[in-house]
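User: I'm new to reading protein structures and would like a close look at one part. Could you pick a central strand and walk me through what surrounds it?

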Amino acid sequence: MQRTLVLLKPDTVQRSLIGTLVSRFEQKGLKIAGLKMMNMTPALCDEHYSHMTSKPFYPAILSFMTCGPIVAIAIEGHDAVSVVRKMCGLTAESEWVSGTIRGDYARSIDNNLIHSSDSEETAKVEVARFFQDNELFTYTRSLNS
Ligand code: GDP
């Protein structure tokens, strides 16, 4: 069983798509292990996107990610990192496919609604970055995925 991190970016909140996107993961059978609305501070954004801070478009990412609240979600399930990543869709707009979250709802690479961890190692670091241990929940469902 793996845990992965999803961030619903400010455009998801602004476009009232929180429930729609959370539903996708629930309907897939994945389990919500933690969920909270929060503001991303510039320091947290720099840390989270440390692999992007030297890019010319990083100021736009920083401005966007701090322009309003986000929703952080820890998602649990079999092979959750890869399953969630596939459900979100690829980074480049030209590779967006219908049936993925970005393919169905996102407007541009700058307003692409959602982040998800890209590997098991990254997921561990990212879940710990956004959630304290006491904000993560273990519970049983009658039919576990
Ligand atoms: P992700 O895992 O698909 O979100 O992609 P990355 O971690 O590589 O990039 C983080 C975020 O930076 C993406 O979600 C995009 O919003 C943005 N980004 C990545 N590459 C580009 C680019 O070439 N141009 C622009 N404008 N934004 C980009």
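Analyst: Here is a tour that starts at one strand and follows its connections outward. Please keep in mind that this is a predicted model.

Let's begin with strand β3, which covers residues 70-77. Eight of its eight residues are buried, so β3 is largely enclosed by the rest of the structure. To picture how that works, it helps to remember that side chains in a regular strand alternate between the two faces of the sheet. On one side of β3 you find I70, A72, A74 and E76, and on the other V71, I73, I75 and G77. Every one of these residues is buried, so both faces of the strand are covered.

What lies alongside β3? One partner is strand β1, residues 2-8, which runs antiparallel to β3 and is joined to it by seven bridges. You can trace this pairing on your screen: T4 stands opposite I75, and L8 has V71 as its bridge partner. The other partner to look at is strand β2, residues 31-38, which is also antiparallel to β3 and joined to it by seven bridges. Here a good place to look is K31, which stands opposite E76 of β3.

Now step across to β1. Six of its seven residues are buried, so β1, too, is largely enclosed by the rest of the structure. Besides pairing with β3, strand β1 has three bridges to strand β4, residues 114-116, and these two strands run antiparallel. In this pairing, L7 of β1 stands opposite H115 of β4.

Both of these strands lead us to a helix residue. E126 is found in helix α7, which spans residues 120-130. Leaving out neighbours within four places in sequence, E126 is in contact with L5, H48, H115 and S117. You have already met H115 as the residue opposite L7. Is E126 paired with a charge or left without one? E126 is buried yet has no salt bridge. The nearest side chain of opposite charge belongs to R129, and it is 4.3 Å away. A salt bridge here needs the nitrogen and oxygen atoms within 4 Å, so this pair falls outside the cut-off.

R129 does have a partner, though. Its side chain meets that of E47 in a salt bridge, with 2.9 Å from N to O. This pair links distant parts of the chain: E47 is in helix α3 (residues 42-48) and R129 in helix α7, 82 residues apart. E47 has a relative accessibility of 42%, so it counts as partly exposed. R129 is partly exposed as well, with a relative accessible area of 22%.

Let's return to β2, the other neighbour of β3, and look at its lysines. The charged end of K31 sits over the ring of Y139, 4.8 Å from the ring centre. K36 lies over the face of F131, at 5.1 Å from the centre of that ring. The side chain of K36 also forms a salt bridge with E135, at 2.8 Å from N to O. K36 is in strand β2 and E135 in the segment after α7, so this pair ties together parts that are 99 residues apart in sequence. Both ends are partly exposed: K36 has a relative accessible area of 22%, and E135 has 25%. While you are looking at rings, note that the count of aromatic pairs comes to zero.

Finally, let's look beyond the strands. The model has four salt bridges by the rule used here, and one of them joins D104 and R24, whose closest N and O atoms are 2.7 Å apart. D104 lies in helix α6 (residues 101-105) and R24 in helix α2 (residues 18-28), so the pair connects parts that are 80 residues apart in sequence. D104 is partly exposed at 35% relative accessibility, whereas R24 is buried, with a relative accessible area of 19%.

Helix α6 also holds R102, which is buried at 8% relative accessibility. Apart from residues up to four places away in sequence, R102 touches K9, C88, G89, L90, T91, W96, N112 and I114. How far is R102 from G77 in β3? Their C-alpha atoms are separated by 21 Å, and the two residues are 25 apart along the chain.

Conventions
Residues numbered from 1 in each chain as written. Predicted model: local features only at pLDDT ≥ 70, side-chain atom pairs only at ≥ 80, totals over all residues. Heavy atoms only, no water. Buried < 20%, exposed > 50% of the residue type's maximum accessible area, 1.4 Å probe, protein only. Helix = DSSP H or I, 4+ residues; strand = E, 2+ residues; numbered from the N terminus. Pairing = 2+ DSSP bridges. Lys, Arg positive; Asp, Glu negative; His and termini not counted. Contact = heavy atoms within 4.5 Å. Phe/Tyr/Trp six-rings, centres within 6.5 Å; stacked < 30°, edge-to-face > 60°. Lys NZ or Arg CZ within 6 Å of the ring centre and 35° of its normal.
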